[in-house]
Amino acid sequence: LHSSVAILAQVVTPRLSASFHAPLQPAMSKDLIKISPEATLKFPSSLYVASTAALKVTNTSKGYVAVKVKTTAPKQYLVRPSSNTVAAGETVEIQIIMQPRTVDPDTSKVDRFLVVATPTNSSELMSKEEWSAKPKEEIQELRLTVVFTAGEETTSSNANNATSTVQKAGDLQSKYDELTRQVQSLENDKRSLQSQVEKLKSSGGGGSAGFGMIHLIAAFLIAMIISYFAAGSLL
């Protein structure tokens, strides 16, 4: 029995000793940042209206922290800036812009945002490769959910305003096209008058030719004046 205990002690003791004397790996604190708001981003549910929400990120660590913001709906939201580096104790503001909606929000789907933070050694932005190389133990993740609130304007009012804006844009485009055609026509008339004047000069006509040239120039000037007045009335 004593020999068995001695053998067991020889086997177990080195393992325990090695485990005890092995250097301990420092635990990575994931409390790198705090955000405001902490859980939800609020946007109005009004249609045809772009709106912006501010997300504040504060570095609570003692060194630089790289921050990146992701969303489950990248076509619906713009994040400016989507990547940043925050110094110790510093707070930055990130603008999240919701694109104008043409239909009511789908209540069966919830838009979400993910704020990712990791320590870095400089104020430079981290590359995609550097982010990929970071172990999960060094990354803090914070999640937010989008909540839609009642807008100040009704949906029908916004739709009518949008329709009116589109109609006005179409009217202005048609007026612009008409003005362009008038200007082109005047340019053609101008070239024609210049050609006739050159012919009169080369033919060596007398006073009657000069009198006719004056009439042509006067007609051109009158046409130009009429076009300017027409442009003003159209605009």
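Is Glu 138 buried, partly exposed or exposed? The legends below address this point and others for a predicted model.

**View 1. Glu 138 and Lys 134 are joined by a salt bridge.** The nitrogen-to-oxygen separation of this pair is 3.3 Å. Glu 138 is partly exposed, with a relative accessibility of 25%. Its partner Lys 134 is also classed as partly exposed, at 21% relative accessibility. The cut-off for burial is under 20% relative accessible area, so Lys 134, at 21%, is not counted as buried.

**View 2. Arg 101 and Asp 111 form a salt bridge within the loop between strands E7 and E8.** The closest N and O atoms of the two side chains are 3.2 Å apart. Strand E7 spans residues 91–98 and strand E8 spans residues 112–120, and both Asp 111 and Arg 101 lie in the loop between them. The pair therefore ties together parts that are 10 residues apart in sequence. Asp 111 is buried, its relative accessible area being 15%. Arg 101 is likewise buried, with 12% relative accessibility.

**View 3. Glu 141 and Arg 143 are linked by a salt bridge.** In this pair the closest N and O atoms are 3.2 Å apart. Arg 143 is exposed, having a relative accessible area of 55%, whereas Glu 141 is partly exposed at 41% relative accessibility. Both residues fall in strand E9, which covers residues 140–149. The count of salt bridges in the model comes to three.

**View 4. Five strands make up an open sheet with mixed pairing.** The strand order is E2-E9-E8-E4-E6. Strand E2 (40–44) and strand E6 (83–86) occupy the edges of the sheet. Each of these edge strands has a single partner strand, so one side of each is left without a neighbour in the sheet. On average, neighbouring strands of this sheet are turned by 25 degrees against each other, direction ignored. Strand E8, which follows the loop that holds Asp 111 and Arg 101, stands between E9 and E4 in the strand order.

**View 5. Edge strand E2 pairs with strand E9 in the parallel sense.** The pairing of E2 with E9 (residues 140–149) extends over five bridges. Thr 40 stands opposite Thr 145 of E9. E2, which comprises residues 40–44, has a single partner strand in the sheet.

How values were computed:
Residues are numbered from 1 along each chain as its sequence is written. This is a predicted model: local features need pLDDT of at least 70, side-chain atom pairs count only at pLDDT 80 or more; totals for chains, interfaces and linings use all residues. Side-chain values use heavy atoms; hydrogens and water are left out. A salt bridge is a side-chain nitrogen of Lys or Arg within 4 Å of a carboxyl oxygen of Asp or Glu. Helices (H or I, at least four residues) and strands (E, at least two) are DSSP runs, numbered from the N terminus. Buried means under 20% relative accessible area, exposed over 50%, partly exposed in between (1.4 Å probe, protein chains only). Two strands pair if DSSP finds at least two bridges between them. Axes are lines fitted to C-alpha atoms, for helices over the stretch in contact, and angles run from 0 to 180 degrees between N-to-C directions.
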